[in-house]
Each structure stands twice: as structure tokens, then as C-alpha cells.
Amino acid sequence: MRRGKVLTGSSGQGASCFKLPGDSVAVVPTTVQKLQFSADQITREKVGIEVTGLAVYRIAEPLIAYRMLNFSFPERAQEKLEELLAEMFVGAARRLVANLSVEECLTRRKEGIGAELMREIVPVVSGHGRLDDVTDQGWGIVIDTIEIQDVTVLSPTVFGNMQAPYRQDQE
């Protein structure tokens, strides 16, 4: 940055630059990052469910990410990005689980929860903006995948009742 403007000729992966005394240099990590999130919510049938997932993302447009997150202090910017993404995943997962049945949560992890999270969050962070946003800016981030690792029924009684027919058949 020189006088508040980004010097685009000296930016890019592996770039070098000449830094004048008033300039500032920011290093934006573009490597693959992982983020774990966990959300608990009540389903459509009023049963508590905990969803644990993993998102894999990377910064694809460093200049846009720099503008959005201020990488002057890269450690804090990365931490802020992780917190923000985690809160987005938790909020979206809670909203999705609230509209699903327990059975749908347990059996349709990838297409029921993971795919919906991708559909909802990817346009916001990847550079396209919200679905109804016409500015086409985004955050310069690409989310490669969202995996739902575990779906847990929080009530042992409900979980036992769900397993009862199978156990009875086995006996």
C-alpha cells in the first residue's frame, strides 16, 4: 500500500516489492485452510440435534480479501475470518436443522445439510455476493467443500427409542 492505494504490480503469489518508508506490506495466506464448526438445534419434531462439520476454504482473490479483512495484521485477520465463517456456518446449520426431521438430519447429511450450506454461503464469500446482491464483490474466498462429520441426537431416550425397532428385530 502506498498513500492508501494498492500497488497491483507488486502483488501476487511469490511477489517481491520495494518498500518505501511510508508503504505497508501485507501477506495474505492463500493456502488451503480448514475450519471446524458445531451447531446444536431443535428439529421440526422438537428433538435436540448437534451437527459437527468441517469446511475447507482458501483465499482465491487476495486483493479482495485484503480489502474486506485488513491483512495489515495477518494473524488477527485470519482469526477474524475463521470466527466469521464459523458463525455463518453455525447460523445456517441451525436454520437448516430447524426445518428438517430427525430422520432427514441423520440420513441426508451431505445433500440435506452440507449441500444447502454450500448453496447458501459460497456465493457470499466467493466473489459473487449474496444471491440478491448486484455488486459482484464478495470476499475473495473459495469454499472447496463442507463435510458434515457427525449428527448426534442429544436425548439418549429419543436415540434409544429410534434404535428400538432394529434391536427388536435382531432379538
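Which residues are linked with Arg76 in a network of salt bridges? The partners are Glu79 and Glu83. This network is one feature of a predicted model, and the account below moves from the overall fold to the nonpolar core and then returns to the charged pairs.

The protein contains five helices and three strands. Along the sequence, these elements follow the order β-β-α-α-α-α-β-α. Of the contacts with a separation of 6 or more, 66% join residues that stand 24 or more positions apart. Among the 171 residues, 33% count as buried. The accessible surface of the protein amounts to about 10500 Å², and carbon and sulfur atoms contribute 53% of that area.

The largest nonpolar core has 40 residues, of which Phe89 and Leu117 touch the most other members. Two or more residues of this core come from each of β1 (33-42), β2 (48-59), α1 (62-69), α2 (74-98), α3 (102-107), α4 (109-125) and β3 (141-153). Helix α2 provides the largest share, ten residues. The surroundings of Leu117 illustrate the arrangement: beyond its neighbours within four places in sequence, Leu117 is in contact with Phe37, Phe89, Ala92, Ala93, Leu96, Val122, Ile146 and Ile148.

The charged side chains form seven salt bridges in the structure. One of them joins Arg94 to Asp40, with an N to O distance of 3.3 Å. This pair connects distant parts of the chain, since Arg94 belongs to helix α2 and Asp40 to strand β1, 54 residues apart. Arg94 is partly exposed, at a relative accessible area of 34%, and Asp40 is likewise partly exposed, at 39%.

A second bridge involving helix α2 pairs Arg95 with Glu120, at 1.9 Å from N to O. Because Glu120 lies in helix α4 and Arg95 in helix α2, the bridge ties together parts that are 25 residues apart in sequence. Glu120 has a relative accessible area of 27% and is partly exposed; Arg95, with 44% relative accessibility, also counts as partly exposed.

The bridge between Arg76 and Glu79 leads back to the opening network, and its closest N and O atoms are 3.0 Å apart. Arg76 and Glu79 are three residues apart in helix α2, so about one helical turn separates them. Arg76 counts as partly exposed at 43% relative accessibility, and Glu79 counts as partly exposed at 42%. Together with Glu83, Arg76 and Glu79 make up the linked network of salt bridges.

Terms used
Residues numbered from 1 in each chain as written. Predicted model: local features only at pLDDT ≥ 70, side-chain atom pairs only at ≥ 80, totals over all residues. Heavy atoms only, no water. Core = buried A, V, L, I, M, F, W, Y, C linked by side-chain atoms within 4.5 Å. Buried < 20%, exposed > 50% of the residue type's maximum accessible area, 1.4 Å probe, protein only. Helix = DSSP H or I, 4+ residues; strand = E, 2+ residues; numbered from the N terminus. Contact = heavy atoms within 4.5 Å. Areas by Shrake-Rupley, 256 points an atom, 1.4 Å probe, with all protein chains shown as cover. Salt bridge = Lys/Arg side-chain N within 4 Å of Asp/Glu carboxyl O.
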